[in-house]
Amino acid sequence: MTSASQRVFSGVQPTGNLHLGNYLGAIKRFVELQEGYDCIYCVVDMHAITVWQDPVELKKSIREVAAAFLAAGVDGSKQIVFNQSQVPQHAELAWVLNCVARLGWLNRMTQFKEKAGKDRENASVGLYAYPNLMAADILVYRATHVPVGEDQKQHLELARDIAQKFNNDFATSIAANGLPEKFFPQPQPLIAGPATRVMSLRDGAKKMSKSDPSDASRINLTDSADQIANKIRRAKTDPLPLPESLDGLKERPEADNLIGIYAALADTDAQGVIDEFGGGQFSQFKQALVDLTVAKLGPINAEMTRLVADPGHIDRVLGDGAARAEAIAAETMTAVKDIVGFVRR
Ligand code: AQP
């Protein structure tokens, strides 16, 4: 089996409106991690269809997310960049894991409850089983590290439980097939930095999200400098000046959020931002935040625009990545079939 001693896997859904939360919580980390790990970055289109997607828009969004990875600095020739549906082993392993995970475990998933809302009976079966597919995405590469935002922590814990249960349930068969005792490693979440949960610009209690009906709630990676400036200037704050210590951020979610965003974009921490702006007025801080955000996102936006204008190139990157991903995934699935007791060709 190929070694999975230090392998990173992560994914982003092509559901439109990629935003600053996706960038700071995930994509920026993807770029940083390429230095120390072999990385597999996936556009998780099979997750996207757990809620209705317009097929024409979906194709566009898949290429847009791939373009965002590349524009942010992921090296598609060294790392693996692809879309999930091109590698059939994700779905194959997900089925096996559907039979390992317990209903009680899935019933505890808060994201399903939030996304299904009151109309639970009408949610797709795919939305409910989403965490099992996410576990398969990670485990099919026997990945060891998974950079995600805070909102994905519970799903990661579930993936770890599934890996452990699979290893326990099939321990005898794993040994009989001469495979490592811990066939599936326990994937470690990498949730670090000052912006693991970027909040809405309109409501400091709500996560910045693609599906928020208010466009003013988020900064999209495709926003122009003017749009970024308007959204930040209109971002909700409280009437007090910026606090002079970290303690002063308690009970001030909007201030905490803007300071976290600034810290993440400037590669510092909240203390560093308070050292610079503490005691000052929001109007002044917001202008600095506009300048920083435009300086950081502007080049990514321009490169995304250049890349999406050449879909042939993006499709080649995705196709090449899928072939490399499949070589790893097929090896895992061959072993899984032997472990489970399926007869193979
Ligand atoms: N607000 C956020 N702050 C920090 N990280 C975030 N992520 C998402 N929102 C934030 C991280 O981005 C990665 C990709 O997320 P996703 O597209 O797979 O799905 P999601 O978490 O459901 O993202 P959204 O934007 O909130 O989409 P909708 O509105 O469709 O639910 C993940 O690593 C996620 O943690």
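# Reading a predicted model by its cut-offs

Modeller: An oxygen atom of the ligand lies 3.1 Å from an N or O atom in the side chain of Asn22, and I should say at once that this is a predicted model.

Biologist: What makes this pair of the ligand and Asn22 a polar contact?

Modeller: Both atoms are N or O and 3.1 Å apart, and since the cut-off for a polar contact is 3.5 Å, the pair counts as one. In the same way, 2.9 Å separates a nitrogen atom of the ligand from a polar backbone atom of Met208, and 2.4 Å separates an oxygen atom of the ligand from an N or O atom in the side chain of Ser209.

Biologist: How much of the ligand does the protein cover?

Modeller: On its own the ligand has 640 Å² of accessible area, and the protein covers 96% of that. The ligand is surrounded by 22 residues, and the closest are Asp151, Lys207, Ser209, Lys210 and Ser211.

Biologist: Which part of the chain does UniProt mark as the 'HIGH' region?

Modeller: The unreviewed UniProt entry places this short sequence motif at residues 14–22. Over residues 14–22 the chain is 33% helix and 0% strand, with 11 Å between the end C-alpha atoms.

Biologist: The unreviewed UniProt entry also has a "binding site" annotation that covers Asp137. Why is Asp137 called buried?

Modeller: Its relative accessibility is 2%, and buried means under 20%, so Asp137 in helix α7 belongs to that class. Apart from its neighbours within four places in sequence, Asp137 is in contact with Phe9, Val44, His47, Gln84 and His90.

Biologist: How do you know that the side chains of Asp137 and His47 make a polar contact?

Modeller: They come to 2.7 Å, and the cut-off is 3.5 Å, so the distance meets the definition.

Biologist: Ser200 is in the loop between β5 and α10. Is Ser200 buried or exposed?

Modeller: Ser200 has a relative accessible area of 3%, and because the limit for buried is under 20%, Ser200 is buried. The side chain of Ser200 also reaches the backbone nitrogen of Arg202 at 2.9 Å. Leaving out neighbours within four places, the contacts of Ser200 include Lys207, Met208 and Asn257.

Biologist: How many aromatic pairs does the structure hold?

Modeller: There are 13 aromatic pairs, and Phe30 and Tyr41 form a pair with 4.2 Å between the ring centres and 10° between the planes.

Biologist: Why is the pair of Phe30 and Tyr41 called stacked?

Modeller: Planes under 30 degrees apart count as stacked, and these planes are 10° apart, so the name follows. The pair links distant parts of the chain, with Phe30 in helix α1 and Tyr41 in strand β2, eleven residues apart, and both residues are buried.

Biologist: What makes the pair of Phe166 and Phe170 tilted?

Modeller: Their centres are 4.9 Å apart with 45° between the planes; since stacked needs under 30 degrees and edge-to-face needs over 60, an angle of 45° falls in the remaining class, tilted. Phe166 and Phe170 form one aromatic cluster with Phe183 and Phe184, and Phe166, at 0% relative accessibility, is buried.

Biologist: What does Val96 in helix α4 touch, and why is Val96 called buried?

Modeller: Not counting residues up to four places away in sequence, Val96 touches Phe166, Val336 and Val340. Its relative accessibility is 9%, and buried means under 20%, so Val96 counts as buried.

Notes
Residues numbered from 1 in each chain as written. Predicted model: local features only at pLDDT ≥ 70, side-chain atom pairs only at ≥ 80, totals over all residues. Heavy atoms only, no water. UniProt positions renumbered as here; feature names shortened; annotations may be inferred. Helix = DSSP H or I, 4+ residues; strand = E, 2+ residues; numbered from the N terminus. Buried < 20%, exposed > 50% of the residue type's maximum accessible area, 1.4 Å probe, protein only. Contact = heavy atoms within 4.5 Å. Polar contact = N/O pair within 3.5 Å; in protein donor to acceptor, adjacent residues only side chain to side chain. Near = heavy atom within 4 Å. Areas by Shrake-Rupley, 256 points an atom, 1.4 Å probe, with all protein chains shown as cover. Phe/Tyr/Trp six-rings, centres within 6.5 Å; stacked < 30°, edge-to-face > 60°.
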